[in-house]
Amino acid sequence: MQTLHLKVDPDNPNHKIIEIAAALIREGETVAFPTETVYGVGANGLDEKAVKRVFEAKRRPLDNPLLMHVMSWEQASSLVTGIREEVLLLVDRFWPGPLTLVAPANDRVPRVVTAGLSTVGLRMPDHRVALDLIKAAGVPVAATSANLSGRPSPTSAQHVIRDLNGRIAGILSAGTTGWGIESTILDVTRTPFTILRPGAVSRERLEEVLPGMIKAARPWTEVGGRLRAAHYRPDARVIPVKPGDKLAELAQAEAAKGKRVGVVVATQQELPTLADFVVVINGGPAEYGRRLYEIFREADSRKIEYLFMEIPEEKGLGVAVADRIYEAARR
Ligand code: TXA
Ligand code: MG
């Protein structure tokens, strides 16, 4: 398949180019597009055959549901039933934005989107290109991160091209994404509302709106059985290191044995002299989140064997960053 490359200005996308991508969606094809978190790839969410193409393009197992990407709460509410009143407060505060709401699906939602579940994830991205695309397509867009299954989420158009060129009909490219880690997924079908995947909207920010109503289900992997959000693991063995631990010493010991070693430090003062790949994060968890997947990709391409990663303080956005690191370290 020939992938159509459509370049747009992220802040002011040319509507003729958006219309080309929207026409592809209406015709049942797959299109990749930027969001404020990571790049997504999607298709007409009301067309079962089109949705199946998304799974095929990224080789995603059919039992892992997609998210319905919408351009308004009105469009979202046409896909669900039995929404609790408090949910509207979250929508008011966080939409458009990186908060995905898992709610009871109605029968307009094809079962292939939800992988047969009775619930559907609703997401309204805070990105002009994504919103213009969904608007122009005139349908909700069932989408997922635009990586091949088993690869890290793409934070640039280049990443998408590397993974999906020739496998999707089109790509709207508009530079790098903002947050770099995925949306927070909140299950609002039961109280307290439960965070299924920590993400760009922190638990603290949710609790500002709904005090005492947000549960952070830890460990995340025990939530909903098979529905645990599947994360990426790089080829390197990831070793999480607490800020107070001696990262340089641990890394140096492996390097001295002839291993290819990478280190990612945020507060540590000392760097191992023998490391093959060194990343210093100066800008706190926000910068860490933005660069995380690029670091994983880079470690893979440099054939790093041991990647020592300092864990950020686990509050606010640091929770989501730490979650991705711990998950990358699981074997
Ligand atoms: O920021 C994001 O959320 C990005 C951008 C592209 O929107 N999307 C994204 O999609 O990360 P994906 O498919 O890579 O991750 C969505 C996660 C999956 O782990 C899936 O299992 C889970 O959400 N999920 C989808 N529907 C669900 C549901 N009804 N209940 C529980 N988990 C669900
Ligand atoms: Mg994904």
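Biologist: Which strand gives the most to the shell around ligand 1?

Modeller: This is a predicted model. In it, β4 (67–69), β6 (119–123), β7 (141–145) and β10 (193–197) each supply at least two residues of the shell around ligand 1. One of them gives the most, with three residues: β6.

Biologist: How many residues surround ligand 1?

Modeller: The closest ones are T37, N64, H69, R123 and S183. They belong to a set around ligand 1 that numbers 25 residues.

Biologist: How much of the accessible area of ligand 1 does the protein cover?

Modeller: Start with the polar atoms. A side-chain N or O atom of N64 is 2.5 Å from an oxygen atom of ligand 1. For T144, the distance to an oxygen atom of ligand 1 is 2.7 Å. On its own, ligand 1 has 680 Å² of accessible area, and the protein covers 96%.

Biologist: Which residue has a polar side-chain atom 3.0 Å from a nitrogen atom of ligand 1?

Modeller: Here the ligand atom is a nitrogen. The side chain that places a polar atom 3.0 Å from that nitrogen belongs to T119.

Biologist: Is E36 buried or exposed?

Modeller: E36 sits in the loop between β2 (31–33) and β3 (40–44). Away from its neighbours in sequence, its contacts include G97, P125, H127 and W179. Its relative accessible area is 7%, and the cut-off for buried is under 20%, so E36 is buried.

Biologist: Which side chain is joined to that of E36 by a polar contact of 2.9 Å?

Modeller: The partner is also on the list of residues in contact with E36. It is among the closest residues to ligand 1 too. The 2.9 Å polar contact joins the side chain of E36 to that of R123.

Biologist: How many residues of helix α6 are buried?

Modeller: Helix α6 covers residues 128–137. Its cover includes α1 (15–26), β2, β4, α3 (73–77), β7 and β8 (170–173). Among the buried residues are V129, L131 and I134. Out of 10 residues, the buried number is seven.

Biologist: Which residue follows α6, and what is its phi?

Modeller: The residue after α6 is G138. Its phi is positive, near 80 degrees.

Biologist: Which residue forms a salt bridge with R151?

Modeller: The closest N and O atoms of this pair are 3.1 Å apart. R151 is in the loop between β7 and α7 (157–164), and its partner is in helix α7, 12 residues apart. R151 is partly exposed at 29%, whereas the partner is buried at 5%. That partner is D163.

Biologist: Why are R291 and E287 separated by about one helical turn?

Modeller: The two form a salt bridge, with the closest N and O atoms 2.8 Å apart. R291 is partly exposed, with a relative accessible area of 33%, and E287 is buried at 15%. Both lie in helix α10 (residues 284–301), and they are about one helical turn apart because their separation in sequence is four residues.

Biologist: Which residues make the nonpolar surface patch of about 210 Å²?

Modeller: One member lies in strand β14 (residues 277–280). That residue, V278, is partly exposed, with a relative accessible area of 39%. The patch is made by L271, V278 and V280.

Biologist: How far apart in space are D11 and A299?

Modeller: D11 is in the loop between β1 (4–7) and α1. At 61% relative accessibility, D11 counts as exposed. D11 and A299 are 288 residues apart in sequence, and their C-alpha to C-alpha distance is 31 Å.

Definitions and conventions. Residues are numbered from 1 along each chain as its sequence is written. Chains are lettered from A and ligands numbered from 1 in the order in which they are written. This is a predicted model: local features need pLDDT of at least 70, side-chain atom pairs count only at pLDDT 80 or more; totals for chains, interfaces and linings use all residues. Side-chain values use heavy atoms; hydrogens and water are left out. Patches are made of residues with over 30% relative accessible area and no salt bridge: like charges are joined within 9 Å, nonpolar side chains (Val, Leu, Ile, Met, Phe, Trp, Tyr) within 5 Å. Accessible areas come from the Shrake-Rupley method with a 1.4 Å probe; for residues, only the protein chains shown count as cover. A salt bridge is a side-chain nitrogen of Lys or Arg within 4 Å of a carboxyl oxygen of Asp or Glu. Buried means under 20% relative accessible area, exposed over 50%, partly exposed in between (1.4 Å probe, protein chains only). A polar contact is a pair of N or O atoms within 3.5 Å; within protein, one must be able to donate a hydrogen and the other to accept it, and residues adjacent in sequence count only if both atoms are side-chain atoms. Contact means heavy atoms within 4.5 Å. A residue is near a molecule or strand if one of its heavy atoms lies within 4 Å of it. Lists of a residue's contacts leave out its neighbours within four places in sequence.
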